[in-house]
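Please look over the model shown here before reading the notes. They are arranged by topic.

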Protein chains: 2
Amino acid sequence: MNDGRGKVRGLRRSELARLTGCNLETIRYYENIGIMPPPPRTARNYRVYDESHVARLRFVMRARDLGFTLEETRDLLDLVDGRAGTCPDVQALAQRHIEAVRAKIADLRRIERVLSETVSRCTGDEVPDCAVIDALQQAD
Amino acid sequence: MNDGRGKVRGLRRSELARLTGCNLETIRYYENIGIMPPPPRTARNYRVYDESHVARLRFVMRARDLGFTLEETRDLLDLVDGRAGTCPDVQALAQRHIEAVRAKIADLRRIERVLSETVSRCTGDEVPDCAVIDALQQAD
DNA sequence: CGTTGAGTCTGTATGAACTACAGAGCGTAA
DNA sequence: TTACGCTCTGTAGTTCATACAGACTCAACG
């Protein structure tokens with residue numbers, strides 16, 4: 001696994017899963033649908049991953065966690081891979097994603113504000129009704 | 001639909017869908033799984049909604065849009081409904097969600113920064129390789 | 001007054017994105 | 001050398017919706 005110069009030589013699927021926190025089966029799924037590249041194999045047909053796979057999978061997972069669809073993630077990866085066409089194309093694609101990201105941030109901030117107001121106004125007493133809970137109802 | 005005092009009397013499912021932007025079928029789905037309460041029915045078995053359903057459904061949709069799972073959304077609704085137990089319980093639940101939201105915001109900001117740096121450094125020329133695209137690779 | 005077109009009802013099928021399982025092969029350590 | 005854990009493949013199941021089929025209702029139009 002180590003070539004003695006501090007570089008990881010090869011990772012098995014379970015190791016890639018552990019390093020990224022990705023589900024073992026999802027790695028194969030991403031390969032099947034073309035999100036992850038098919039890695040080289042050992043003589044006995046075992047997949048062998050390296051740092052580039054770790055970085056790519058982490059990127060995919062963060063994008064998914066942030067609510068991008070797999071198709072949107074594919075676009076982001078095309079950007080990463082320089083497969084998004086000409087520079088103006090790249091700019092336009094990135095700009096659309098920036099706007100989507102900003103909208104998500106704004107929404108999350110609204111939710112965060114309402115939640116923290118609720119919590120801070122909570123007395124912490126053993127009262128079943130917080131009297132501030134209905135603040136959440138107007139959370140928009 | 002209107003009692004003459006500015007209050008909506010009853011909404012059909014399609015009207016609830018239009019007011020909230022929710023898919024028509026999803027409303028029934030949410031009722032089936034207990035996210036939305038079963039509304040009263042007309043003599044002919046048509047569902048009748050009111051403003052409380054509008055507010056609740058909007059809340060659910062925003063929570064889902066912000067990446068909360070249906071189960072988490074259920075927790076938030078319990079909070080709203082005062083069904084989450086004592087006030088300290090409510091605080092703890094809300095606090096966990098606040099932390100999840102803040103983590104998401106931090107992730108999104110990182111993504112946003114990298115994307116806008118990419119775009120701003122783009123020349124806009126018809127060059128297939130932007131020379132900044134690999135910045136995205138380190139987007140973590 | 002009848003029929004027609006839009007809206008509703010139910011159950012079920014389809015879709016996206018995973019996630020788990022079954023059955024076979026590999027590999028290493030006791 | 002066999003036991004245990006890992007890998008491989010294909011396929012089935014889960015979650016969160018979304019769409020469809022077939023029957024019913026209802027208001028309007030001629």
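What follows is a short briefing on the DNA-facing surface, one helix and a few buried residues.

This is a predicted model. Around DNA strand C there are 19 residues, and H2(A) gives the most of any element to that surface, with 5 residues. Away from the DNA, the points below cover the packing of H1(B), the place of B:Phe59 and the state of two cysteines.

**Surface near DNA strand C**

- Of the 19 residues that surround DNA strand C, the closest are A:Arg44, A:Arg64, B:Arg13, B:Arg28 and B:Arg47.
- Sorted by class, this surface has 9 charged, 5 polar and 5 nonpolar residues.
- Sugar or phosphate accounts for 71% of the atoms of DNA strand C within 4 Å of the protein, and bases account for the rest.

**Polar contacts to DNA strand C**

- The side chain of A:Asn23 has an N or O atom 3.1 Å from a phosphate oxygen of DNA strand C.
- A:Glu25 places a polar side-chain atom 3.2 Å from a base nitrogen of DNA strand C.
- For B:Arg28, an N or O atom of the side chain is 2.4 Å from a base oxygen of DNA strand C.
- Two or more residues near DNA strand C come from each of two elements, helix H2 (24–32) of chain A and helix H1 (13–20) of chain B.
- H2(A) is the element that gives the most, with 5 residues.

**Helix H1 of chain B**

- The buried residues of H1(B) are B:Arg13, B:Glu15, B:Leu16, B:Ala17 and B:Thr20.
- One of these, B:Arg13, is also among the residues closest to DNA strand C.
- The buried residues of H1(B) pack against two helices of chain B, H2 (24–32) and H3.
- After H1(B) comes B:Gly21, which has a positive phi, near 80°.

**B:Phe59**

- B:Phe59 sits in helix H3 (residues 51–65) of chain B.
- B:Phe59 counts as buried because its relative accessibility is 6%, and the cut-off for buried is under 20%.
- B:Phe59 and B:Leu77 are 18 residues apart along the chain, and their C-alpha atoms are separated by 8.5 Å.

**Cysteines**

- A:Cys22 is buried because its relative accessible area is 8%, under the 20% cut-off.
- B:Cys22 is likewise buried, with a relative accessible area of 7%.
- The count of disulfides over all chains is 0, where a disulfide would need a pair of cysteine sulfur atoms within 2.5 Å.

Key. Residues numbered from 1 in each chain as written. Chains lettered and ligands numbered in written order. Predicted model: local features only at pLDDT ≥ 70, side-chain atom pairs only at ≥ 80, totals over all residues. Heavy atoms only, no water. Helix = DSSP H or I, 4+ residues; strand = E, 2+ residues; numbered from the N terminus. Buried < 20%, exposed > 50% of the residue type's maximum accessible area, 1.4 Å probe, protein only. Near = heavy atom within 4 Å. Polar contact = N/O pair within 3.5 Å; in protein donor to acceptor, adjacent residues only side chain to side chain. Nonpolar A, V, L, I, M, F, W, Y, C, P; charged D, E, K, R; others polar. Contact = heavy atoms within 4.5 Å.
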